[in-house]
Amino acid sequence: MNEEYIKRKTSTIPFGYESSEVEGYLKPVPDQIEALEVAEDLVTAESISLRDACDWIEYETKRRISPPGLKKHIDKKYGKRQQRLERLGKEPTSLLDRF
């Protein structure tokens with residue numbers, strides 16, 4: 001068994017992985033993981049929206065991820081938006097956050 005495989009914990013297969021020939025383990029899909037990392041960087045830098053990132057990921061990988069699913073993944077990995085901004089010392093860019 002390859003050491004990059006992860007143990008399957010739920011019935012849902014996470015983005016970037018697929019079922020493997022080894023029972024109970026998931027095999028990584030490098031193209032999907034790479035596209036997800038690029039989208040994460042763009043969203044956390046606030047260069048593109050979650051919806052645009054999801055559309056781009058689907059175009060690149062032919063596998064769909066929803067905006068709430070991408071947000072959940074980013075929040076789990078990097079923390080919520082407010083926490084990320086505080087760590088970076090940035091001011092919120094949303095008009096609603098300014099008032």
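Helices here are DSSP runs of at least four residues, numbered from the N terminus. With that in hand, let's take a walk around helix H3 of this predicted model.

First, a word on confidence. The protein chain has an average pLDDT of 86, and 87% of its residues score at least 70. Two helices mark the extremes, as the table shows.

| Helix | Residues | Mean pLDDT |
|---|---|---|
| H2 (highest) | 50-61 | 96 |
| H5 (lowest) | 95-98 | 54 |

Where pLDDT is low, the predicted coordinates should not be read in detail.

Now to H3 itself, which covers residues 67-78. Its twelve residues should span 16 Å at 1.5 Å a residue, and the end C-alpha atoms are indeed 16 Å apart, so the two values agree.

Which residues of H3 are buried? They are Pro67, Leu70, Ile74 and Asp75. Their arc around the axis is only 130°, which means that they lie on the same side of H3. The other side of H3 carries the exposed residues Pro68, Lys72 and Lys76. An α-helix has 3.6 residues a turn, so residues three or four places apart point the same way. Just after H3 comes Gly79, with a positive phi of about 95°.

H3 also has a partner: helix H1 (residues 30-44) packs with H3 at an angle of about 80°, and their axes are 11 Å apart. H1 is therefore roughly perpendicular to H3. On the H1 side, the contact is made by Leu36, Glu40, Asp41, Val43 and Thr44. From H3 come Leu70, His73, Ile74, Lys77 and Tyr78. Leu70 and Ile74 thus appear in this contact and are also among the buried residues of H3.

Definitions and conventions:
Residues numbered from 1 in each chain as written. Predicted model: local features only at pLDDT ≥ 70, side-chain atom pairs only at ≥ 80, totals over all residues. Heavy atoms only, no water. pLDDT = per-residue confidence, 0-100. Expected span 1.5 Å × (residues − 1). Buried < 20%, exposed > 50% of the residue type's maximum accessible area, 1.4 Å probe, protein only. Arc of directions from axis to C-beta. Axes fitted to C-alpha atoms, helices over the stretch in contact; angles between N-to-C directions. Parallel < 35°, antiparallel > 145°, perpendicular 65-115°, else oblique. Contact = heavy atoms within 4.5 Å.
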